[in-house]
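Here's a quick briefing to read with the structure open beside you. Have a look around first, then come back for the details.

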Amino acid sequence: MRLDTLLAIETPEGMDLHLPLAGVFPRLVAWLLDTLLRYLIVVLSSLLCFLFYLLGAWLFSYEKQWGQALAGLWMIALFLIEWFYPVLSEMLLKGRSPGKRALGLLVLREDGRPLSWGASITRNLLRSSNFLFVMATILISTKTHDNGFVVFCLVVIFILLDMIVPCLNQRFQRLGDLAAGTLVVYRQFTLARPPVHRAPAQVLPVPLLLSEQRLLMDFANQTQLSPARTQELASILHPLTEAQSQAQSLNGVAILYGYAATLFGQQKGTKDAETTRI
Amino acid sequence: MLKQQEFEKQNRAVWRDFSQLLLARESKLVPVSNEAVQNLPAAYRRVCQDLAHAQARGYSVELVQELNQLVLRGHQFFYAQTRPAWREILQFIVYGFPRLVRAEWRWISFAWLVTLVPALLVFFVIKIEPNVVYSLATHAELASYAEMYNPSGEHFTEARGAGADISMFGFYIRNNVGIDFQTFASGLLGGIGSIFVLVYNGVQFAVVGGYLQGLGYGKTFWPFVIGHSSFEITAMVFAGAAGMKLGFAWFFPARRTRLAALKFASKNAIRLLYGAALMTFIAAWFEAFWSSSVLIPAEAKFIMGALLWSGLSLYFVFAGRDYAD
């Protein structure tokens, strides 16, 4: 049973690129952060407009006209921020708006390519929060807005729509993503090479399957287990390591590290400093 | 089988060179020699092969991850589309948009019907029985409209300053383009939201127009709306059509899967919305600076209105027909 959320994309070269998909909750947190930031920008730009107004009122004598003109420009700015902050922050910051950056997320198209303007606009205009207002108008004009239950149901539906649809989808895509053909993935970092486990290489007593070799190498590379736990796991392979362990008076863990070193390519008996890194 | 250590030793230089070359090309700041660029595709294929080897032979997770990342960067570098934006926008305006409108004439006609039929019905009902307006709008709203369009009111006797024009321009942009976007987004649920917005706005228009006509304020109302309405109402209809197209695609996918139908519909629907947003910007300009100007006589506004309506119709019917596909 596979538990990874890795999506395999086939490239034109016939390679499988693996992308780690991001689930609903990281995206929700990123969206909240972005919304907060957007409100902050609105407040700041309003302040800026007000400062301009004060400046202009001090310089010119037509205060009222200046104030009105600024109000108009301010409304255009508000419009742009409300509707285009997500698009601009995604496109100008290479698919990672500030909220997504904080969570380590990245928006890509379905075939692994970076976002295009069309895709970004489509996925951001089709949010359920965008048509809440229309639904409110429907409710008010059909006079059902007094019915608290109806309102509650509708609000719940619309908020969850963007959270339910990703869960029903194999690629965690919400409606905007489905229409635009985009994915939200974790931005991969190159994993740091684990610290050195210095152990002399040991000859494998039996031939191992690829999965078993992989297991030994992962065991030697891991850094999260405590020494006691490592010993406990190594004792499972006691029948394998017994002979060499007694012959060389090393404990089982060192023997297993030695196997891993061999699998990595270190020759038995060499003391090459570089090769002890697995 | 080649062990991981040996494998890395053999190939590390190639990977490093590829990575640096990609970085140089992406940043565009570092000059790169011609042979290096010509080798880029071959280097990318080599790195792809190395990743495949690493995956198949079960090398450590760190190595596979590193190579995966490198291949992803190469993939994005080679296949990302970079189109010059201004050229595309110009092409859209000159022939892309009218062709799109002609291609989607079914949805657009349906959207016009949905807007006009209820509106005309309500308008004539109000003509016959004026008191109907009071069940479609509140007294306060009607009173505010009456005050706004009163021929002897301040709106039509004093010239509005430039500042007020700009403030209304900003207001119209925020209000109207926002409604266009919301109309589009609300179409997602089977087109219901878009239909509702179109009917609602059509009826509103008919109520206000009918009421003011009944009061005898027609000579202030019609010149005001005739100019910018060509752009604004058409744009609203387009936005509604785009929303409906999207919503219906999910429920009536024809020969495609629902998902594929949604994606296919959304491509043209979003382009229709671009055009609608552009038209609404223009409408906002007209509404703020032309329609409400006291200095321009009503006859001129009627003539301009006629010009705009006919101009737009000609544009959508004839523009872009000569361009070879």
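What follows runs from the overall make-up of one chain to the interface, the cores and a surface patch.

Keep in mind that this is a predicted model. Chains A and B share an interface that buries about 5,800 Å², and the largest nonpolar core has 92 residues. There's also a nonpolar patch of about 1,000 Å² on the surface, made by residues of chain A.

**Chain A at a glance**

- Chain A has 11 helices and 4 strands.
- Its length is 278 residues, and 45% of them count as buried.
- Take the contacts in chain A between residues at least 6 apart in sequence: 64% of these join residues at least 24 apart.
- About 15,300 Å² of chain A is exposed, with 67% of that supplied by carbon and sulfur atoms.

**Where A meets B**

- On the chain A side, 68 residues are in contact with chain B, where 66 residues take part.
- Carbon and sulfur atoms give 67% of the area of about 5,800 Å² buried between the two chains.
- In chain A, the residues that lose the most area to chain B are A:Met15, A:Phe79 and A:Arg193, which together make up 10% of what that side buries.
- The salt-bridge rule finds 2 of them across this interface.
- A:Glu110 and B:Lys263 form a salt bridge, with 2.9 Å between the closest N and O atoms.

**Inside the cores**

- Within the largest nonpolar core, of 92 residues, B:Phe238 and B:Leu272 have the most contacts.
- The element giving the most to this core is helix α12 of chain B (residues 258-291), with 15 residues.
- Another core, of 29 residues, lies apart from that one; among its members are A:Leu19, A:Leu183, B:Trp15 and B:Leu63.
- Back at B:Phe238, its contacts beyond the neighbours within four places in sequence are B:Phe97, B:Val101, B:Ile108, B:Leu272, B:Ala276, B:Met279 and B:Phe316.

**The nonpolar patch on chain A**

- The residues making this patch of about 1,000 Å² are A:Leu48, A:Phe50, A:Leu51, A:Phe52, A:Leu54, A:Leu55, A:Trp58, A:Leu59 and A:Phe60.
- One of them, A:Leu59, sits in helix α1 of chain A, which covers residues 24-59.
- A:Leu59 has a relative accessibility of 56%, and the cut-off for exposed is over 50%, so A:Leu59 counts as exposed.

Definitions and conventions:
Residues are numbered from 1 along each chain as its sequence is written. Chains are lettered from A and ligands numbered from 1 in the order in which they are written. This is a predicted model: local features need pLDDT of at least 70, side-chain atom pairs count only at pLDDT 80 or more; totals for chains, interfaces and linings use all residues. Side-chain values use heavy atoms; hydrogens and water are left out. A nonpolar core is a set of buried Ala, Val, Leu, Ile, Met, Phe, Trp, Tyr and Cys residues joined through side-chain atoms within 4.5 Å. Buried means under 20% relative accessible area, exposed over 50%, partly exposed in between (1.4 Å probe, protein chains only). Helices (H or I, at least four residues) and strands (E, at least two) are DSSP runs, numbered from the N terminus. Contact means heavy atoms within 4.5 Å. Patches are made of residues with over 30% relative accessible area and no salt bridge: like charges are joined within 9 Å, nonpolar side chains (Val, Leu, Ile, Met, Phe, Trp, Tyr) within 5 Å. Accessible areas come from the Shrake-Rupley method with a 1.4 Å probe; for residues, only the protein chains shown count as cover. A salt bridge is a side-chain nitrogen of Lys or Arg within 4 Å of a carboxyl oxygen of Asp or Glu. Buried area is the accessible area (1.4 Å probe) that two parts lose on being put together, summed over both.
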